[in-house]
Amino acid sequence: MIKEAYKVMELRLSETYGKLLLGQLFTHVWFGEWDQYEDTIDQIPNELVASLPFHKYYDRDETSLWHYNYFSVPGVYFVPPYISSYQNKTEEDQNKTKQDLLCLIGAFDKVGFYYPLEKNEFPDHIGSLTAFIVAATKEEITALKNEDFELLKQLEETQTELYDLYLDSGINKLWNRHKRKFADPFFKTFLPFYMESMKVMVC
């Protein structure tokens, strides 16, 4: 019985480490951190890298240029990477969304950790939300090792809340409104994979 429980715990830890690496990879894409992206890819077994449909299209110069065109430069290809951009358009509604996100970040702080926003991005940036899930996943690993199942439950609930209230709706609206703008194969493939993977990872 103890041996079986140990195997279950080891499997859970292995799955959580996999979730962590994938979440880190996603965060690096959203922030255009290509050194870190390549470092993370190097940590993933080759057979799993082959299952990432977007990576075969990765070309550092091209991908970096498209990232800049999509997410930084207002123009024909611009795609706002902020959840508040996909809420109602009044300033009051957008401010409410940002305040709600700050409250949600407070909930992360209450369960014992804080992810520092070093990118000068508001918390409603999709990269920031993904980074918070990465931070929670790191804490999940610690909770599993310490067999702190109460903390583990809190972390899972907080991630699900973040996803259900903000990320799911925002990323789907981004894709539905702007998918015709994605002209390069990397991001055209990355976005649907990200959407599907986050649903599986968090829910």
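What share of the contacts in the protein chain with a separation of 6 or more comes from residues 24 or more positions apart? In this predicted model, such residues account for 69% of those contacts. The chain is built from eight helices and zero strands, so a walk from the N terminus simply reads α-α-α-α-α-α-α-α. Of its 203 residues, 45% count as buried. The accessible surface of the chain comes to about 11,000 Å², and carbon and sulfur atoms make up 51% of that area.

Helix α6 is a good place to look more closely. This helix covers residues 126–145 and has 20 residues. From its first C-alpha to its last, α6 reaches 29 Å, close to the 28 Å expected at 1.5 Å a residue. Because 16 of its 20 residues are buried, α6 is largely enclosed by the rest of the structure. Just after the helix, Glu 147 takes a positive phi of about 55°.

Is Lys 145, a residue of α6, buried or exposed? Its relative accessibility is 53%, so Lys 145 counts as exposed, the cut-off for that class being over 50%. Lys 145 also illustrates how distant parts of the sequence are brought together in space. Glu 10 is 135 residues away from Lys 145 in sequence, yet the two C-alpha atoms are 9.5 Å apart. Once neighbours within four places in sequence are set aside, Lys 145 is in contact with Leu 13 and Tyr 17. Both of these partners fall within the residue range of α1 (2–31).

Attention can now turn to the pockets. The largest pocket has a volume of about 490 Å³ and is lined by 20 residues. Which elements give two or more residues to this lining? They are α1 (2–31), α7 (149–178) and α8 (185–202). Of the elements, α1 gives the most, with seven residues. Nearest the centre of the pocket lie Glu 15, Gly 18, Lys 19, Leu 22 and Met 201. By character, the lining of the largest pocket divides into nine nonpolar, six polar and five charged residues.

Helix α1 therefore appears in two settings, since its residue range includes Leu 13 and Tyr 17, the contact partners of Lys 145, and the helix also gives seven residues to the lining of the largest pocket.

Note on methods
Residues numbered from 1 in each chain as written. Predicted model: local features only at pLDDT ≥ 70, side-chain atom pairs only at ≥ 80, totals over all residues. Heavy atoms only, no water. Helix = DSSP H or I, 4+ residues; strand = E, 2+ residues; numbered from the N terminus. Buried < 20%, exposed > 50% of the residue type's maximum accessible area, 1.4 Å probe, protein only. Contact = heavy atoms within 4.5 Å. Areas by Shrake-Rupley, 256 points an atom, 1.4 Å probe, with all protein chains shown as cover. Expected span 1.5 Å × (residues − 1). 1 Å grid on protein atoms, 1.4 Å probe; cavity = no way out; pocket = protein on both sides within 12 Å on 5 of 7 lines; lining within 4 Å. Points joined across faces, edges and corners; volume = space filled by probe spheres on them. Nonpolar A, V, L, I, M, F, W, Y, C, P; charged D, E, K, R; others polar.
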